[in-house]
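Please open the structure in your viewer and keep the selection panel at hand. The tour moves from the whole chain to single residues.

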Amino acid sequence: MVFRVFSRGSTFQRSTPPTLWFYSDGSGLLRPLRAGWGAVLVQASLPTPDYSHNCGLALLEFYGAVCTDPSSPHYHGARTLTNNTAEPTAILELLLWATAH
């Protein structure tokens with residue numbers, strides 16, 4: 001698994017706590033059989049007055065392969081390498097990261 005943490009920029013001066021968005025995805029291939037996931041944690045910026053554009057600052061990007069080895073700390077119960085096991089793996093990895101930090 002790879003983590004890439006970005007430094008927080010000074011462009012987000014707010015009086016309220018920042019809104020954080022989490023985006024994730026997973027995919028699987030049959031040949032060769034493998035599955036992976038990726039995720040990004042974004043500090044959302046305020047939308048434009050007409051709500052046509054809302055971007056943010058990427059705080060954390062991480063990704064990895066789905067683990068089917070029960071002895072691994074990154075094993076979350078996946079028995080097969082599919083997109084259906086990759087997508088929840090991304091969410092579980094975020095929750096593990098959040099509880100550790």
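What follows is a sequence of selections, each with a description of what is found there.

Before selecting anything, note that this is a predicted model, in which local features need pLDDT of at least 70 and side-chain atom pairs count only at pLDDT 80 or more, while totals for chains, interfaces and linings use all residues. Residues are numbered from 1 along each chain as its sequence is written, and side-chain values use heavy atoms, with hydrogens and water left out.

**The whole chain.** Colour the chain by secondary structure, and 1 helix and 4 strands appear, arranged along the sequence as β-β-β-β-α; helices (H or I, at least four residues) and strands (E, at least two) are DSSP runs, numbered from the N terminus. The accessible surface comes to about 7,100 Å², of which 58% belongs to carbon and sulfur atoms, the areas being computed by the Shrake-Rupley method with a 1.4 Å probe, and for residues only the protein chains shown count as cover. Of the 101 residues, 24% count as buried, where buried means under 20% relative accessible area, exposed over 50%, and partly exposed in between (1.4 Å probe, protein chains only).

**Strand 3 and its partners.** Select residues 34–44, which make up strand 3. Because 8 of its 11 residues are buried, strand 3 is largely enclosed by the rest of the structure. Add residues 20–29, and you have strand 2, which runs antiparallel to strand 3 and is joined to it by 10 bridges; two strands pair if DSSP finds at least two bridges between them. Within this pairing, Phe22 has Leu41 of strand 3 as its bridge partner.

Next add residues 56–65, which form strand 4 and pair with strand 3 over 9 bridges, again in the antiparallel sense. Here Gln43 stands opposite Leu57 of strand 4.

**The two loops.** A hairpin of 4 residues joins strand 2 to strand 3, and Pro32 lies in this loop. Which kind of peptide bond joins Arg31 and Pro32? The bond is cis, with omega about -10 degrees, a point to set against the general tendency that most peptide bonds are trans.

Move on to Ser45, which is found in the loop between strand 3 and strand 4. Ser45 counts as buried because its relative accessibility is 15%. Draw a distance from its C-alpha atom to that of Gly56, and the viewer should give 4.9 Å, although the two residues are 11 apart along the chain.

**Helix 1.** Select residues 83–100, the range of helix 1. Its 18 residues reach 26 Å from the first C-alpha to the last, close to the 26 Å expected at 1.5 Å a residue, the expected span being 1.5 Å times one less than the number of residues. Which residues of helix 1 are buried? They are Thr85, Ala86, Thr89, Ala90, Glu93 and Leu94, and the buried residues of the helix pack against strand 2, strand 3 and strand 4.

Centre on Thr85, whose 16% relative accessibility is the reason that it counts as buried. Leaving aside neighbours within four places in sequence, Thr85 is in contact (heavy atoms within 4.5 Å) with Val66, Ala78 and Thr80.

Finally, select Leu92, which also lies in helix 1 but is partly exposed, with a relative accessible area of 34%.
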